[in-house]
Each structure stands twice: as structure tokens, then as C-alpha cells.
2 protein chains.
Amino acid sequence: MEQELPSKLLHTAVDELSRLPGIGRKTALRLALHLMKQPADDVERFSRAFTAMRNEIKRCRECGVLSDADRCSICANPRRNRAVVCVVESIREVLSIENTQQFNGLYHVLGGIISPMDGVSPNDLLIDALIERVSRGEITEVILALSTTMEGETTCYYLYKKLSPYPLLITTIARGVGFGDELEYTDELTLGRSIKNRQPLVMNG
Amino acid sequence: MEQELPSKLLHTAVDELSRLPGIGRKTALRLALHLMKQPADDVERFSRAFTAMRNEIKRCRECGVLSDADRCSICANPRRNRAVVCVVESIREVLSIENTQQFNGLYHVLGGIISPMDGVSPNDLLIDALIERVSRGEITEVILALSTTMEGETTCYYLYKKLSPYPLLITTIARGVGFGDELEYTDELTLGRSIKNRQPLVMNG
């Protein structure tokens, strides 16, 4: 498919689309031809959305999440519990946790995870900002909601050491067997932890 | 996932991406966050590619293919055989056939296929333009390279009737068992035609 298209304009559009993660040249061509068939106004609006997002979006100065204003809609919401802060890697985890509707506190987005292999050190993340937030004394609990990868565990440990001088509860999200998972196919580490951290059974009704 | 994102700008970008065929909201979010991480200039160039394509691209006035100039690079190429014209549905088939490097003639892009179900009638396609090209008398062969669907066969038949008054050879691409296909799994119609249209065996060497 790395051939000369009969139109340079089409070629450029296909190039740009195929630079997106997970989009190959065949898909890029299909998407470009789809855009060609749309009304010019729609394509204009399509294009404008990305430059507007890239140039105008900010980070919330409290929690670091992508936001249109200096303070995001979560931090600005008076009904959220300001004493509990959930630390996550990126906005994606914020969205996932918001989707569960099980959390009413605030967030702190690190903007990544400590990974010496990828050259990400603690200084590249919003860790100082987290400590600064905690030092103001309003926060009583910090929930560490990071991945259970090597990098996630390293970051957890680093944050734990940084946070432990402060008078607050440091928690981490529960690890265990997921709903719908079969015990037979659950890995040893997860199953082991889920037995160690077993909980009293409460039946409703 | 149809939730409120903390940024309207991000929300709009995700909306626009998820309107593309085959892109769901999760993928759209992943792509939008990827764009957020790119340099502003790259995002500018990304956006500009689509408006430029949509607003500036033309159709070749001879063959109807998408082109930057009034005449496409294939029609303008003096080394192409102007006596043979391959009729296809869209630019996609032009690209596929060009990829084979087995065809040195010109193309004629219909811009679709006759499909009463989808409300596409012969008048919606560049059929008159094809007849006009043929009537100039330069063309000695028209190859019909359309899909073997019901709509493709209907369009073939319609074109055959329109073209038959002219002194030219009307051909269609060979149907048969594809390279790498197993006979056992080939459908009856294809296998039947491939036996009926069998060809003398020529071995090299």
C-alpha cells in the first residue's frame, strides 16, 4: 500500500491518519475517503475540534486532569468530598472510576508512572503538587489507584514513603478475583491475595 | 462511556473521531489523548490535512478519479495506453489494480454502482461521461472490473447494453479460484466458472 496515490492531498490526509496509534494505511485510506464524502462544513468542524482541543485545553491546577477551565468540573463541584483524594496515572483512570459512580472524592492525576526504563522519573510527575495538596491539611485519606505492574508498584512505594510523614490514611484499591472471573483461570498472585484479604460475607435479604 | 468528560474540548474531539466508520468511543478517546500529547504544530498539520483535502481536491475531468489537478496523473501519463479503459466503482479499486502493476491503460471511475435499494440510479454515476469518452473513437477495449455482487452484475449488464453499439471489445476481469485458495472451500459458482473458463496450461522452463 506504500504507493503513490493519484492525489497528494489525499496522500497527506492518509499519512496523517496512519500516524495515529492502531490505524494502518488501509484503514487510514478508508477514513480519508469517508471524510471526502462528507459535507465541507462537517470536515471543517472535524478538523477544528483537534486544534481547539490541543491549543485551548488546560490542566486543572488542583488535580492535573485535562480541563477547559483552570479548575476542573470535579474539583469545582461543591458536593464532592474534599477530604479524600484518589491518585491515578492519567485522565483515563479518572473516567473509568467516575463511570463506576462509587467514588465521591477528588482526584490527583500524576501524568504518568515512575519508569526508569522509559526515562520517567518522579520529577516528571505531579508528585510535588500532590505533597503540596496534602500538606495543606484538608486531606484525610489518599487512595493509590495505580496499575499492578512493576512500575505501578514502584510508584506506589515511592508515594507511600513521601506521604507517610503526614497524618493521613493511605489506602490502595482492593486487589482480588474480578466479577465473572473463574477461579480456575485466576493467576496465583491474585488468588493468593484475595484469600489473604478475605472479607466477612454479608447477604442482603 | 457516554458520560460527561471533564473537558468539553476533549468531549468534542472524541465525538468527532467516534463519528468515523469503525471507530468506537473508547478508541476515539485513546486517539484524542494521543493527539493531546503531540506538539501543537503536529496537531495543526493533522487538522489542516483534512480541510485541505476536502476543499481542494478535484475529480479528474477525464476518468473521474480524485486528483489535485483537472487531469489526474494517470490520464496525464504519456506512457499509458489510451486505447484500453478499465471501468471501476471507486478510487479504491484504482489503487488495488495499480498495486498489481499488471495494467497500463486508463481508468473510468463510476463513483458508485447501480443499486435501486440504496437509491443509486445510472444517472447518479459517471456513465454518460464514459459513453462520451468511448464515442470519441480512441478507445478499443473497455474492461468492466466491478464486484460480483448483484449490484455489480446489474451495473455490468447496463454498461454492456450502453456500450455494445460502439465498435469496441468489452471484457470483464477473470473470475476463478484465487491464488492460495483451497478448491475444497471454494464456492460452487466460482469453481464452476473456473472450470468452464479453463485455460491452456503453459509451463515456463
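This note covers the contact between chain A and chain B, the relation of the two copies, and one aromatic pair.

1. Basis. This is a predicted model, in which local features need pLDDT of at least 70 and side-chain atom pairs count only at pLDDT 80 or more, while totals for chains, interfaces and linings use all residues. Residues are numbered from 1 along each chain as its sequence is written, chains are lettered from A in the order in which they are written, and side-chain values use heavy atoms, with hydrogens and water left out.

2. Extent of the interface. Chain A and chain B each bring 52 residues to the contact (heavy atoms within 4.5 Å). The area buried between them is about 5200 Å², with 70% of it from carbon and sulfur atoms; buried area is the accessible area (1.4 Å probe) that two parts lose on being put together, summed over both. On the side of chain B, Pro6(B), Leu9(B) and Arg54(B) lose the most area to chain A, together 13% of what that side buries.

3. Polar and charged links. There are 2 salt bridges between the chains (a side-chain nitrogen of Lys or Arg within 4 Å of a carboxyl oxygen of Asp or Glu). Glu16(A) forms a salt bridge with Arg45(B), and their closest N and O atoms are 2.7 Å apart. Polar contacts across the interface join 13 residue pairs, both residues at pLDDT 80 or more; such a contact is a pair of N or O atoms within 3.5 Å, where within protein one must be able to donate a hydrogen and the other to accept it, and residues adjacent in sequence count only if both atoms are side-chain atoms.

4. Elements on the chain B side. Two or more residues come from each of helix H1 (8-18), helix H2 (25-36), helix H3 (40-56), strand S2 (66-67) and helix H4 (91-100) of chain B. Helices (H or I, at least four residues) and strands (E, at least two) are DSSP runs, numbered from the N terminus. H3(B) gives the most, with 15 residues.

5. Symmetry. A turn of 180° with a shift of 0.0 Å along the axis lays chain B on chain A with an RMSD of 0.0 Å (least squares on the C-alpha atoms of residues with pLDDT of at least 70 in both). The two copies are therefore related as by a two-fold rotation axis. Ser47(B) is the residue of chain B that comes closest to this axis, at 2.2 Å (C-alpha). The copies meet through the same surface, because 100% of the interface residues of chain B are also interface residues in chain A.

6. Aromatic pair. Over all chains there are 6 aromatic pairs (Phe, Tyr and Trp rings, the six-membered one for Trp, with centres within 6.5 Å; planes under 30 degrees apart count as stacked, over 60 as edge-to-face and the rest as tilted). The rings of Phe46(A) and Phe50(A) have centres 4.9 Å apart and planes at 85°, so this pair is edge-to-face. Phe46(A) and Phe50(A) lie 4 residues apart in helix H3 of chain A, and are therefore separated by about one helical turn.
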